[in-house]
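Visitor: I am new to this structure. Please take me through some of the terms used for it and show how each one is earned.

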Amino acid sequence: MNMNRRKFMGVSTAAVLGAGAMHSGFAAENKYTACVLGDTNQGGFGHRMHLVWEKVDNVELLAISDPDEKGRAQIAEEAKPKRTYADYREMLEKEKPDLLTIGPRWTNHHVEYLTAAAEYNLHGLMEKPLAVDLAAADKMIEMIEAKNLKWSMAFNFRPTTIVHHAIKMVVEKGLVGDILELRGRGKEDHRSGGEDLLVLGTHVFDIMRYFAGDPLWCSADLTTMGKPSTLKDIYQSKENLGPMLGDRVNAMYGFKDGVVGYFASSRNSDGNGGRWGLDIYGSNGIVTIRLDKRPFASPVAYWLNDSTWAPGEENVAWQPLPDAPELGITDPRTENYLPIVTDLIKAVEQDRLPKVSMQDGRASLEMIQAVYESYLTGKKVTFPLKERVHPLIRLT
């Protein structure tokens, strides 16, 4: 269903009808149309983001765009759109979809892509990480909020069945008692350090906030080849994600009620990615979440019912979470997106923020940028960060 452009001018509508007003074209039970924007040579289509709409019954995929001819043909074979385009602007102008997926992992064109989407008053889904720095992220969110557009981030681990259940059991049911600290790690593969912090840490920070709330402060330390990192050690990742620093990152965050959180990524001889996840330590035990457990590429979670945090004692062992639901996932690479995109549509219909929002993407990015801000200034920094330009850009 190609909808009238006026349906998206939600700012004036919301002002008249109040919070929770339903967008005129986005009503329950409606059929919607979508396009997917990607670029084989600029970060591709994320983690199979060209397929995010295939399991949504009330969304029809109209077209995909990719300036790379070979890549475009391959993606079209998999996604089965009605049409393909080399130029994403031509696609948006001709197709006039209701929804857009922005798939490239690289952040260097994210502002450009979202600017075009906002011009056409589109709601949609953006691949992570959100932007090169908070200055760009602020600009992007200002654009969508000015038109009351709803955008979700591809944080495809937090809304999974098992992580959602873990949050419920810990936060609502008090499974581990009082939360005392949280410990997160990256994959610690060839990207260990700064790149790991951005690419994989973004998921850890997104989930961490849902256990402990927004952070109050950050203090961090970085090293390169065993020595304190300097501006001479700045490097660019193979993917165009902005400047990086350090092959070892240690960061500490303060949350309300004295709760502390840690994130670390260190180059090491293992490098198998198995530690990527978050552990929640409480007064009555521990919940551990591993975000990418092979061969299923889906999160797993376990519970240690012991206040001493000492597995190995008699009758103390890791066990599944109480009332853990059946996963029922056959293709995590696409099915993990289903809760995000179905909620996105409901968010537009109900005129509310998506549960996995672009604003969440900025909050996660702020925790990442705070690491560099703290280390390079030699100070504990508080949130929200006053400096919005990336310190590796600002200080060089």
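Guide: This is a predicted model. The count comes to 26 salt bridges.

Visitor: What makes E77 and K80 a salt bridge?

Guide: The rule asks for a side-chain nitrogen of Lys or Arg within 4 Å of a carboxyl oxygen of Asp or Glu. In E77 and K80 the closest N and O atoms are 3.9 Å apart, so the pair meets the rule. Both E77 and K80 are exposed.

Visitor: Why can side chains pair in this way?

Guide: Side chains of opposite charge can do so when their charged atoms come close.

Visitor: Why is the pair of R158 and D360 said to tie parts of the chain together?

Guide: R158 forms a salt bridge with D360, with 3.1 Å between the closest N and O atoms. R158 lies in the loop between β6 (151–153) and α6, while D360 belongs to helix α11 (residues 358–377), so the pair ties together parts that are 202 residues apart in sequence. R158 and D360 are both buried.

Visitor: What is the distance between the closest N and O atoms in the salt bridge of R394 with E373?

Guide: For R394 and E373 the distance is 2.7 Å. R394 sits in helix α12 (residues 391–394) and E373 in helix α11, 21 residues apart, and the pair links distant parts of the chain.

Visitor: Why is R394 called partly exposed?

Guide: R394 has 29% relative accessibility. Buried means under 20% and exposed means over 50%, so a value in between is called partly exposed. R394 therefore counts as partly exposed.

Visitor: How do you know whether E373 is buried or exposed?

Guide: E373 has 7% relative accessibility. The cut-off for buried is under 20%, so E373 counts as buried.

Visitor: Which residues do salt bridges with shared partners join into one network?

Guide: The network consists of R158, D206, R209, D214 and D360.

Visitor: Where else does R158 appear?

Guide: R158 is one of the residues lining the second largest pocket, and P159, H164 and Y210 are among the others. About 280 Å³ of space lies in this pocket.

Visitor: What makes a residue part of that lining?

Guide: A lining residue has an atom within 4 Å of a point of the pocket. The elements that give two or more residues to the lining of the second largest pocket are α6 (161–172) and α10 (338–350). The largest share, 4 residues, comes from α6.

Visitor: How many residues of this lining are nonpolar, polar and charged?

Guide: The lining of the second largest pocket has 6 nonpolar, 1 polar and 5 charged residues.

Technical notes
Residues numbered from 1 in each chain as written. Predicted model: local features only at pLDDT ≥ 70, side-chain atom pairs only at ≥ 80, totals over all residues. Heavy atoms only, no water. 1 Å grid on protein atoms, 1.4 Å probe; cavity = no way out; pocket = protein on both sides within 12 Å on 5 of 7 lines; lining within 4 Å. Points joined across faces, edges and corners; volume = space filled by probe spheres on them. Nonpolar A, V, L, I, M, F, W, Y, C, P; charged D, E, K, R; others polar. Buried < 20%, exposed > 50% of the residue type's maximum accessible area, 1.4 Å probe, protein only.
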